[in-house]
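Here are my notes on this model, point by point. Please read them with the structure open.

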Amino acid sequence: MPWLLDGNNLAKGGDRASVRRAALAVARQEHVRILIFFDGAPPPGAGDTEKLGAVEVRYVAHADGAILAFLRGSGRGWRVATDDRALGAAAHAAGAEVVAGASFWQKAAAAIQGGEEGSAPPSGFEEELAYFADPEHRLPVEPSRVARRRFHTRSPK
């Protein structure tokens, strides 16, 4: 089941990079898509949307609203990780499974440790993080149909 993360909520005022790193580890371990919404501007050099393999990061003005809008369009089949009770209730009403942030962090810790306490990260994980840290390796994100329509110009008659 794909994950949808309330990024700033999971970061708890800390570093967004830790959420991105955890998401990459879980996506790799579970072979699942993960979508992260962060409130606010992207880091320098990044666009409003980053595609990091199976992890997509979206930087928006209001993450809760963007999460709910996304779920209203495709809420069934998503697992939302948040400790925000109001967002959790609304996400559940939209058809998503809602789990506490601790549940996601436990999965991430196990994935980063390779599933065994005290073991090294899975082979290639650190290289994958380094690869996606370089903006040259981020995958382009196809604009949504709405954005394509907005920028589509008609030929003159």
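1. Two strands count as paired if DSSP finds at least two bridges between them. With that in mind, look at the end of the sheet: strand S5 (residues 79-81) is joined to S6 by three bridges, and the two run parallel. Within this pair, Ala 81 stands opposite Val 99 in S6.

2. A word on confidence. This is a predicted model. The protein chain averages a pLDDT of 80, and 72% of the residues score at least 70. Over residues 116-125 the pLDDT drops below 50; beyond near neighbours in sequence, the model gives this stretch 19 contacts. Residues 137-157 also stay under 50, with 17 contacts beyond four places in sequence. I would keep both stretches out of the discussion below.

3. Now the whole sheet. It is open, has six strands and follows the order S3-S4-S2-S1-S5-S6. Pairing is mixed. S3 and strand S6 (97-99) form the edges, each pairing on one side only. From one strand to the next, the twist averages 20°.

4. Two helices deserve a look. H2 packs on the sheet and touches strand S1 (3-6), S2, S3, strand S4 (55-60) and S5. The direction of H2 makes about 170° with that of S2. Helix H5 (residues 101-112) packs on the sheet too, touching S1, S5 and S6. For H5, the angle is about 115°, taken against the direction of S1.

5. Next, an acidic residue on an edge strand. Glu 50 is found in strand S3 (residues 49-52). Is Glu 50 buried or exposed? Its relative accessible area is 1%, under the 20% cut-off, so Glu 50 counts as buried. What does its side chain meet there? One polar contact, of 3.3 Å, runs to the side chain of Arg 20. Another, of 2.8 Å, joins Glu 50 to the side chain of Tyr 59.

6. Last, a loop residue. Val 32 lies between helix H2 (16-30) and strand S2 (34-39). Val 32 has a relative accessible area of 10%; this is under 20%, so the residue is buried despite its loop position. Which residues does Val 32 touch, leaving aside those up to four places away in sequence? They are Met 1, Pro 2, Trp 3, Val 26, Ala 27 and Ala 54. Val 55 is 23 residues from Val 32 in sequence, and their C-alpha atoms are 8.7 Å apart in space.

Technical notes: Residues are numbered from 1 along each chain as its sequence is written. Side-chain values use heavy atoms; hydrogens and water are left out. pLDDT is the predictor's confidence in each residue, from 0 to 100. Contact means heavy atoms within 4.5 Å. Helices (H or I, at least four residues) and strands (E, at least two) are DSSP runs, numbered from the N terminus. Buried means under 20% relative accessible area, exposed over 50%, partly exposed in between (1.4 Å probe, protein chains only). A polar contact is a pair of N or O atoms within 3.5 Å; within protein, one must be able to donate a hydrogen and the other to accept it, and residues adjacent in sequence count only if both atoms are side-chain atoms. Axes are lines fitted to C-alpha atoms, for helices over the stretch in contact, and angles run from 0 to 180 degrees between N-to-C directions.
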